[in-house]
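Welcome, and please take a moment to turn the model around before reading on. The paragraphs below will guide you through it step by step.

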Amino acid sequence: MGGVVFAFGSIASAAEPPSSSWVIMGASVADGTGKPLVAQDVRVSGDRIFEVGKLTPSAGERVVDGKGLVLAPGFIDVHNHSEDGLAADPLAQTQVSQGITTLVIGPDGGSPWPIGEYLEARRVSPAAVNVMTMVGHATLRELVMGKDFRRKATPAEIAKMAGLVAQGMREGAAGLSSGLEYDVGSYASTEEMIALAKAARGGFYMTHVRDEAEKTFPAFEEAIEICVKGGLPLEISHIKLATVGVWGQAQRTIQLVEKARAGGLDATADCYPYEAWHSNLEVIVPDKQYDNPASVAEALRVLGGPSRITVTSCEAHPAYAGRTLEEIARDEGMTPVALYSKMVREGGADIIGHSMREEDVLVLYKQPWVMVASDGGIDNDHPRGAGTFPRVLGRYVREKRLFTLEEAVRKMTSLPAARMKLADRGRIAPGMKADLVLFDPATVIDRSTFAEPRKLSEGIVLTVVNGEPVWKDRKTTGARPGRVLEGPSAQARPGPGVQ
Ligand SMILES: [Zn+2]
């Protein structure tokens, strides 16, 4: 594929622009590699970038004025929960308004199944954005073990799961995802995960680690062990230090990952730019003793107290939405601990926990192996779903100067493209696919909040997917040029069917 790309580039410099081409003139190009901005023109032909440099529009050629704006490769979101959203809202307004052009779905151990069928449905009814998927560990575990999953799997069950992982990879998954803090995945042994990692060879292992609370470090170590023994690159999902006992330990986290990298493991992580997470009520009590006052009290303590937990939705008590556990407990005249146990018994709730410290988020974010990802999606109750990428550009780059704009773009483009093994996306160069975003570096900002999580971001002027504008003049264009991008095993499959 590399050879084809370079040939395309050299042909481009000699040939006349094709009649269907158009040009973006005078933008500052952040090419995705982290190199300094350079004023360049970019010509797009069909679904590819045709040439880059000092260009002259030919007669009748459509011109987009990029002056004062930054042109970057389209953003690639490696942790996205739009499994259902892509079918329900294929124009993906909350995504393309952030400059996202490729979504990776199926994280946290939960994926569509069968992979081939899901991807075929996306081909038949495309979205505005490209889509890739992971194959989810919990999805397969439940498929093999049924509702009897609250135990270790037998060797026969593990073998069966491994067969399904291999099938998912053949059908187009990019790798294996797990959510070992969640109900189905949490009963898996490390050995089970190593066996399944081996079955995902060629891909990578993306994990919501076993514990994001007081046992965060053993959980990181387990993730590294699974990848070293399973022979897969590692992506730590939404890396965070989210409880009192691990606050301030960003340096220890960095040392742990860098030691693994120095030892030869291709380890990276992603991070969303918020100090609050979004999950379910059960996940905060690691020993699952939801009725044990001591366990619940300890869980609330390590998160910084019940005032830091906000309910976003609760089926049994819709009126709880938008209030903290502390406020609800006071209104109900019960202790937060008793309230918690009662709510779990009555079906649980979705919650947001404001339990990270900004200092830790910023130190982790600066690491060159940490990429930007939303953990959001088309229709999300956390503001990260509609705001992640502009928030990094507006708040972390422009306001805090945490890193350069070029570095931020690299974290959103070539770094995730390398993780996903997308050889022809994530950079601006002749022959690459024309996934592009044009934005105003002076105004780009998120507007979504915990009260209004779907409020659209500002400052993204134009988003282009496979050569076609999908976001322009502050609205979706109606175009749905998004493609299914398959993982490495499916690409190696003989015969037609690639992309
Ligand atoms: Zn997660």
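What follows is a walk through confidence, a metal site, two helices and a pocket.

Let us begin with how far to trust what you see. This is a predicted model, and the protein averages a pLDDT of 94, with 95% of the residues scoring at least 70. The confidence varies from element to element: helix α1 (residues 2–14) has the lowest mean pLDDT of the elements, 39, while strand β5 (residues 70–73) has the highest, 99. Over residues 1–14 the pLDDT stays under 50, and the model has 12 contacts beyond four places in sequence for this stretch. Please read that part of the picture with care.

Now look for the zinc ion. Which residues are its protein donors? They are Asp-108 through OD, His-208 through ND1 and His-238 through NE2, and they lie 2.0 to 2.4 Å from the zinc ion. Along the chain, the donors follow the spacing D-x99-H-x29-H. Asp-108 and His-208 link distant parts of the chain, being 100 residues apart. Asp-108 sits in the loop between β7 (100–105) and α4 (115–124), whereas His-208 belongs to strand β11 (residues 205–208). His-238 has its place in the loop between β12 (234–236) and α9 (250–262).

Are these donors buried or exposed? Asp-108 and His-208 are both buried. The cut-off for buried is under 20% relative accessible area, and Asp-108, with 12%, falls on the buried side. His-238, at 2% relative accessibility, counts as buried too.

The backbone around this site also deserves a look. Most residues other than glycine have a negative phi, and most peptide bonds are trans. Asp-108 is not a glycine, yet its phi is positive, about 65°. His-238 is not a glycine either, and its phi is positive at about 30°. The loop between β7 and α4, where Asp-108 is found, also holds Pro-114. The peptide bond from Trp-113 to Pro-114 is cis, with omega near -5°.

From here, move to helix α7 (residues 190–199). Its buried residues are Thr-190, Glu-192, Met-193, Ile-194, Leu-196 and Ala-197. What covers them includes α5 (137–145), α6 (155–170), β10 (176–179), β11 and α8 (216–230). You have already met β11, as the strand that carries the zinc donor His-208.

A second helix to visit is α12 (residues 336–345). Why is α12 described as largely enclosed by the rest of the structure? The reason is that 7 of its 10 residues are buried. Those residues are Val-337, Leu-339, Tyr-340, Ser-341, Lys-342, Met-343 and Val-344. Among the elements that cover them are α10 (293–302), β15 (309–313) and α11 (325–332). After α12 comes Gly-347, with a positive phi near 115°.

Our last stop is the second largest pocket, whose volume is about 170 Å³. Its lining is made up of Leu-456, Ser-457, Glu-458, Gly-459, Ile-460, Val-461, Trp-471, Asp-473 and Arg-474. What kinds of residue are these? The lining divides into 4 nonpolar, 2 polar and 3 charged residues.

To look back over the tour, return to the zinc ion and its protein donors Asp-108, His-208 and His-238. Then find α12 again, largely enclosed by the rest of the structure, and finish at the second largest pocket with its volume of about 170 Å³.

Terms used:
Residues numbered from 1 in each chain as written. Predicted model: local features only at pLDDT ≥ 70, side-chain atom pairs only at ≥ 80, totals over all residues. Heavy atoms only, no water. Buried < 20%, exposed > 50% of the residue type's maximum accessible area, 1.4 Å probe, protein only. Helix = DSSP H or I, 4+ residues; strand = E, 2+ residues; numbered from the N terminus. Contact = heavy atoms within 4.5 Å. Donors = N, O, S within 2.8 Å, 3.2 Å for Na, K, Ca; no water. 1 Å grid on protein atoms, 1.4 Å probe; cavity = no way out; pocket = protein on both sides within 12 Å on 5 of 7 lines; lining within 4 Å. Points joined across faces, edges and corners; volume = space filled by probe spheres on them. Nonpolar A, V, L, I, M, F, W, Y, C, P; charged D, E, K, R; others polar. pLDDT = per-residue confidence, 0-100.
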